Amino acid sequence: MNPYTRDDLITFLSSQGNDYEQLKQRALEVKKSEIGNKVFLRGLIEYSNICRKNCLYCGVRKGNKNILRYELTDDEVYQCADLAMKLGYGSLAIQSGERNDSKFTDKITELVYQTKKRSNNTLGITLSCGEQSEEVYRQWFDAGAHRYLLRIETSNEELYYKIHPQDATHDFQTRINALQTLINLGYQTGTGVMIGLPFQTIEHLADDLLFFQNLNVAMVGMGPFIAHQDTPLWQYHTLIPDIETRMQLTLKMIATLRLLMPKINMVAATANQTLYEDGREQAVLAGANIIMPNLTPNQYREQYLIYPDKACVGDKPMQCSFCLKGRMASINHEIIYNQWGDSKAYTEKA
Ligand code: SAH
Ligand code: SF4
């Protein structure tokens, strides 16, 4: 059934020059014929940077004492939702540091429920709030969240433990189980990896693509790794590929996955724009079809630096909307407003 072998994937991910350009071109053609040259939006709300975990790569990790911790008020979340509607963003993504206390999980339930109600069910909601129990995932689903993004970060267990502390809070199998639970509950489930991690090989990345395919996920969000000085993984920053190589590797991953899974939703991650000013456009031209413009109130964005030099931290949402429109028009892509933009990989299966 699989038209591509692991070796094919490795060849794609190793391509250079003309072969590399052709790979991206093929992926763009596949995207155009399966989905069209369209882009859907998810207005991003960075709800809180309070996190119980200590992932070795992330600036929001519990052990980082150099940031002020925040949580948006209910009103701030609702204002973001209103702004999303005003700007025609059909969908919201609520992302947060991971917490599993009921004060947090019940709050998310309430925010999802009230946002759905407030928007008269017009806004779609994606959650990205880490690993939770089946009960909590169900509670959030019942409140109205219908998509969930939980990156596996790397599908290679050995590499996973090089970028996470080896303890019960950072358990590889628990993360895989969480993904399976989300799928079983009926979420449109997304996962993804970071690209250009220290110790990561082309073979790891090829296996990541096969992992997405085996899990048959509806969405993938993957982007370049960007080393953060206030994290333990910084000590290996000289081992990561340079900016150009990391960007190319990211584009190769996107293009190859578009060939492998033609109908899925794939994010052009903001991290691409940290590497290159037009990084998101490059990702869209390599096969991505989702962009997540930031709606977080500006005063909090500086504190949600999961990686440094994040793009658009100073931009106002209005500017952002205007800027995106121009950027997509410049590459002959149309932004689709006021639609949820569900993954065809999911809707055609249902
Ligand atoms: N706490 C949730 C969601 C917020 S973190 C979770 O971990 O699932 C969202 C994503 O940011 C992570 O999945 C990770 O892939 C990405 N991220 C964290 N640190 C990063 C870094 N230094 N460079 C690039 N991406 C990073
Ligand atoms: Fe917390 Fe997510 Fe960052 Fe890990 S990646 S430290 S869970 S915010």
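**Entry 1. Largest cavity**

I looked up which elements line the largest cavity of this predicted model. β2, β3, β8 (219-224) and α10 (270-275) each give at least two residues to that lining. I then read off the volume, which is about 970 Å³. The lining counts 44 residues. Nearest the centre I found Gln95, Arg151, Glu153, Tyr304 and Ile306. I sorted the lining by class and got 25 nonpolar, nine polar and 10 charged residues.

What takes up this space? I checked, and the largest cavity is the space taken by ligand 2.

**Entry 2. Around ligand 2**

Next I listed the residues around ligand 2. They are Cys51, Lys53, Cys55, Tyr57, Cys58, Val60, Arg61 and Gly97. By class, this shell holds five nonpolar residues, one polar residue and two charged residues. I kept Lys53 in mind, since the name returns in the salt-bridge network below.

**Entry 3. Second largest cavity**

How many cavities of 30 Å³ or more does the whole structure have? My search gave two. The second largest has a volume of about 120 Å³. Its lining has 15 residues, and Arg42, Thr126, Leu149, Val267 and Met292 are the closest to the centre. The elements that supply two or more lining residues here are β3, β4 (124-128), β8 and β9 (265-268). I noted that β3 and β8 are also on the list for the largest cavity. The class split for the second largest cavity is 10 nonpolar, four polar and one charged.

**Entry 4. Salt bridges**

I turned to charged pairs. Side chains of opposite charge can pair when their charged atoms come close. The structure has 20 salt bridges in total. I followed three of them.

Arg52 and Glu98 came up with an N to O distance of 3.1 Å. This pair joins distant parts of the chain, 46 residues apart. Arg52 sits in the loop between β2 (43-48) and α3 (74-87). Glu98 sits in the loop between β3 (91-96) and α4 (102-118). Is each partner buried or exposed? Arg52 is partly exposed, because its relative accessibility is 31%. Glu98 has 5%, so I logged Glu98 as buried.

Arg175 and Glu153 form another salt bridge, with the closest N and O atoms 3.5 Å apart. Here too the pair links distant parts of the chain, 22 residues apart. Arg175 belongs to helix α7 (residues 172-185). Glu153 is in the loop between β5 (147-149) and α6 (157-162). Arg175 is buried at 8% relative accessibility, and Glu153 is buried at 9%. I had already met Glu153 among the residues nearest the centre of the largest cavity.

I then asked which residues are linked in a network of salt bridges. Arg52, Lys53, Glu98, Glu131, Glu153 and Arg175 are. Both pairs above have their members in that network.

The third pair is Lys24 with Glu21, at 3.6 Å between the closest N and O atoms. Why are these two about one helical turn apart? They lie three residues apart in helix α2 (residues 17-34), so about one helical turn separates them. Lys24 falls under the 20% cut-off at 16%, so I put Lys24 down as buried. Glu21 is partly exposed at 42%.

**Entry 5. Loop residues**

I checked two backbone angles. Asn120 has a phi near 55°, a positive value in a residue other than glycine. Where is Asn120? Asn120 is in the loop between α4 and β4. Its relative accessible area is 64%, so Asn120 counts as exposed.

Phe199 has a phi near 75°, again positive in a residue other than glycine. Phe199 lies in the loop between β7 (194-195) and α8 (202-215). At 33% relative accessibility, Phe199 is partly exposed.

Last, I looked up Gly314. Gly314 is in the loop between α12 (298-301) and α13 (317-330). With a relative accessible area of 62%, Gly314 is exposed. I took the C-alpha to C-alpha distance from Gly314 to Glu131, a member of the salt-bridge network, and got 30 Å. In sequence, Gly314 and Glu131 are 183 residues apart.

Key: Residues numbered from 1 in each chain as written. Chains lettered and ligands numbered in written order. Predicted model: local features only at pLDDT ≥ 70, side-chain atom pairs only at ≥ 80, totals over all residues. Heavy atoms only, no water. Salt bridge = Lys/Arg side-chain N within 4 Å of Asp/Glu carboxyl O. Helix = DSSP H or I, 4+ residues; strand = E, 2+ residues; numbered from the N terminus. Buried < 20%, exposed > 50% of the residue type's maximum accessible area, 1.4 Å probe, protein only. Near = heavy atom within 4 Å. 1 Å grid on protein atoms, 1.4 Å probe; cavity = no way out; pocket = protein on both sides within 12 Å on 5 of 7 lines; lining within 4 Å. Sits in = over half its atoms within 2 Å of the grid points. Nonpolar A, V, L, I, M, F, W, Y, C, P; charged D, E, K, R; others polar. Points joined across faces, edges and corners; volume = space filled by probe spheres on them.
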